[in-house]
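Biologist: Shall we go through this one together at the bench? I would like to see how its parts pack.

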Amino acid sequence: MKISAAVCRDTGQPLTIEVLDLDDPRPNEVLVRVVACGVCHTDIGIQRLVPKPIVLGHEGSGIVERVGSAVTKVKVGDRVVLTFGSCGVCASCVEGEPAYCHDMRRLQFSGARADGSPTMRQGASPVHGAFFQQSAFATYALATERNVVPVGSDVPLELLGPLGCGVQTGAGAVINALAVRTGASLAVFGVGSVGLSAVMAARIVGATTIIAVDVNPVRLETARSLGATHAIDARSGDVTARIQEITAGGANFSLEASGVETSFNAAVECLAIRGTCGFVTAPRQGQAFPFSLAPILLRGRRLMGILEGSSVPDRFIPRLIELYRQGRFPMDRLATYYPFADINRAMDDSHYGRAIKPILRM
Ligand SMILES: [Zn+2]
Ligand SMILES: [Zn+2]
């Protein structure tokens with residue numbers, strides 16, 4: 001079928017909205033009419049690493065238009081959130097950890113289905129799709145049965161796409177991966193959409209000290225209003241010492257969500273003895289970690305790499321929606337809406353921190 005999609009033809013260049021042909025769904029696939037799609041930093045940062053031309057977008061939400069012959073999870077007309085792809089048969093998937101699927105890289109970033117076939121083309125030339133098994137910067141997206149999550153009809157569908165990546169990453173890091181305890185202290189480095197989701201989750205689980213660290217005063221203020229008990233401007237002196245002082249000896253948990261390498265060290269150094277630092281970011285490829293091991297090893301500290309909030313989307317996303325419904329997880333506070341035609345402005349606003357979570361309305 002004909003669709004309109006935002007095509008990335010060159011790294012860092014504006015996306016162009018073009019008419020493409022999208023395949024019919026195969027037996028395990030679901031065709032979704034995209035209602036909205038969030039913009040995640042990965043849509044920008046990944047451009048140099050994926051084959052092009054490609055249709056990005058991996059926080060889609062929409063309505064099921066058609067289903068493949070083997071699909072039983074959803075039916076035509078169902079409202080769904082699209083999330084990351086996973087294989088379902090590797091050791092991680094069978095052990096209930098799809099975020100660590102052994103096929104993670106290929107399923108999100110290869111620009112094709114798991115079997116290597118393209119999902120979309122323009123005339124005779126293939127265009128890479130299947131980004132996060134969705135490529136949702138488009139009017140229609142082809143997902144697999146595994147990465148569609150059915151949602152109810154009493155919440156605004158256009159708000160929910162970011163649950164599929166950025167929001168479940170931050171909330172899941174706190175709830176699933178770090179398993180922050182009631183009464184614990186947590187320092188969150190970088191309070192964009194991931195960090196703010198972590199702050200909201202920390203309040204839900206009953207962390208008593210929630211410290212937000214950022215360089216953007218508006219975001220720090222937002223963090224406070226969403227549950228942070230302290231806000232630290234990272235440019236205002238010794239962040240580590242300040243956190244040690246607030247927590248009387250170090251934070252039980254920290255989360256590095258800024259992607260700024262100077263904060264990697266602080267995220268580890270601010271920890272208490274036996275504290276755990278979760279990373280949802282990583283240094284650029286080939287770049288060494290800036291911290292030394294002795295203060296980590298000799299204080300029983302732990303470092304944890306976290307993907308997609310270690311979440312099982314079919315279980316975790318409905319739980320976050322229920323918390324939103326109850327007013328305990330106000331993720332609507334993160335959203336700024338843009339018409340699809342303004343996708344390049346939305347990408348820029350995300351990149352330069354002018355919007356916390358841009359969401360495109362298709
Ligand atoms: Zn797998
Ligand atoms: Zn993402």
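Biologist: Which exposed residues does the face of helix 11 turned away from its buried side carry?

Modeller: This is a predicted model, where local features need pLDDT of at least 70, side-chain atom pairs count only at pLDDT 80 or more, and totals for chains, interfaces and linings use all residues. Residues are numbered from 1 along each chain as its sequence is written, and chains are lettered from A and ligands numbered from 1 in the order in which they are written. Helices are DSSP runs (H or I, at least four residues), as are strands (E, at least two), numbered from the N terminus; exposed means 12 or fewer other C-beta atoms within 10 Å of a residue's own, buried 20 or more, and partly exposed in between, with C-beta atoms placed from the backbone. On the face of helix 11 turned away from its buried side, the exposed residues are Arg 315 and Arg 325.

Biologist: Within what arc do the buried residues of helix 11 fall?

Modeller: In helix 11, residues 313–325, the buried ones are Pro 313, Phe 316, Ile 317, Leu 320, Ile 321 and Tyr 324. They line one face of the helix, because seen down its axis (taking directions from the axis to the C-beta atoms) they fall within an arc of 135°.

Biologist: Thanks! Which residue just after helix 11 takes a positive phi?

Modeller: Helix 11 has 13 residues and reaches 18 Å from its first C-alpha to its last, close to the 18 Å expected (1.5 Å times one less than its number of residues). Just after this helix, phi is positive, at about 85°, for Gly 327.

Biologist: And helix 8: which exposed residues sit on its face turned away from the buried side?

Modeller: Helix 8 (residues 239–246) buries Val 239, Arg 242 and Ile 243. Those residues fall within an arc of 95° seen down the axis, so they line one face. The face turned away carries the exposed residues Ala 241 and Glu 245.

Biologist: How many residues of domain 2 are in contact with domain 1?

Modeller: The domain assignment, automatic or from a database, gives domain 1 (2–164 + 330–361) and domain 2 (170–307). Their centres, taken over C-alpha atoms, are 29 Å apart. Counting contacts as C-beta atoms, placed from the backbone, within 7 Å, 10 residues of domain 1 meet domain 2 residues numbering eight.
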